[in-house]
Amino acid sequence: MTGRTWHRWLLFAAAVVVGMGGALVVLALVGVPAVLMDVLYLPGEPDVASADTLSFAIGVTGSVMVGWGASMLFVYVDPGMVQRPRVARAFFVGVVAWFVLDSLMSLALGAIINIVGNVLFAGLLVPPLAALSSREG
């Protein structure tokens, strides 16, 4: 694929991260429904924390996602950034670190569905970042 294609893909992926983060913030503000937590955790897992604690955790998570995605959008809205592999490498390392740690935590805590979400986000972000990281420049 061309640098322009990877650039567009990455802009789309970053916008998805911002959108999902925003959705989590909204969920936190309106109160996280218990059914959402029932879907996230495996059957038989211990009860999760109180609704206020969950709303706080989800709100913080969503806020971090918005910031992370906004950073990528801000950097990559400039098509010239495609020519700077060091920037892509920085985001690539961050995405891989997030993926490994978040997935291990999710596995340890029984939130298997979160790992599915992680794989989807990694599938959106890793290919363009890996391709742009490996470019000469």
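**Helix packing and residue environments in a predicted model**

The crossing between helices H4 and H5 is left-handed. In this predicted model, the axes of the two helices, H4 and H5, approach within 9 Å and cross at roughly 165°. An angle over 145° counts as roughly antiparallel, and H4 and H5 are therefore roughly antiparallel to each other.

The protein as a whole contains five helices and zero strands. Its pattern along the sequence is accordingly written α-α-α-α-α. Of its 137 residues, 30% count as buried. The exposed surface of the protein amounts to about 8,000 Å², and 73% of that area is supplied by carbon and sulfur atoms. When contacts between residues at least 6 apart in sequence are considered, 76% of them join residues at least 24 apart.

A second helix pair involves H1 and H5. The axes of H1 and H5 are 9 Å apart, and the packing angle is about 145°. On the H1 side, the contact is made by Gly3, Trp6, Trp9, Leu10, Phe12, Ala13, Ala14, Val16, Val17 and Met20. On the H5 side, the residues are Phe121, Gly123, Leu124, Leu125, Pro127, Pro128, Leu129, Ala131 and Leu132. The crossing of H1 and H5 is left-handed.

The largest nonpolar core has 20 residues, of which Leu10, Met72, Tyr76, Leu125, Leu129 and Leu132 touch the most other members. Two or more residues of this core come from each of H1, helix H3 (51–76), helix H4 (85–109) and helix H5 (112–133). Leucine 125 is one of the core residues that touch the most other members. Beyond four places in sequence, leucine 125 touches Leu10, Ala13, Ala14, Val17, Trp68, Met72 and Val95. Leu125 also belongs to the contact between H1 and H5, as do Leu10, Ala13, Ala14 and Val17.

Three individual residues were then examined, beginning with asparagine 118. This residue is placed in helix H5. Asparagine 118 has a relative accessibility of 3%; the limit for a buried residue is under 20%, so asparagine 118 counts as buried. With neighbours up to four places away in sequence left aside, asparagine 118 is in contact with Trp98, Phe99, Asp102, Ser103 and Ser106.

Alanine 28 is located in helix H1, which covers residues 3–30. Its relative accessible area is 14%, and alanine 28 is therefore buried by the same limit of under 20%. Outside the four nearest places in sequence on either side, alanine 28 touches Ser55, Ile58 and Gly59. The C-alpha atom of alanine 28 is separated by 6.5 Å from that of phenylalanine 56, although the two residues are 28 residues apart along the chain.

Proline 79 lies outside the helices, in the loop between H3 and H4. Is proline 79 buried or exposed? Its relative accessibility is 52%, and because exposed means over 50%, proline 79 counts as exposed. The C-alpha atoms of proline 79 and arginine 4 are separated by 7.5 Å, while these residues are 75 residues apart along the chain.

Notes: Residues are numbered from 1 along each chain as its sequence is written. This is a predicted model: local features need pLDDT of at least 70, side-chain atom pairs count only at pLDDT 80 or more; totals for chains, interfaces and linings use all residues. Side-chain values use heavy atoms; hydrogens and water are left out. Helices (H or I, at least four residues) and strands (E, at least two) are DSSP runs, numbered from the N terminus. Buried means under 20% relative accessible area, exposed over 50%, partly exposed in between (1.4 Å probe, protein chains only). Contact means heavy atoms within 4.5 Å. A nonpolar core is a set of buried Ala, Val, Leu, Ile, Met, Phe, Trp, Tyr and Cys residues joined through side-chain atoms within 4.5 Å. Accessible areas come from the Shrake-Rupley method with a 1.4 Å probe; for residues, only the protein chains shown count as cover. Axes are lines fitted to C-alpha atoms, for helices over the stretch in contact, and angles run from 0 to 180 degrees between N-to-C directions. Angles under 35 degrees count as roughly parallel, over 145 as roughly antiparallel, 65 to 115 as roughly perpendicular and the rest as oblique. A crossing is left-handed if the near helix is turned anticlockwise from the far one by less than a right angle, and right-handed if clockwise.
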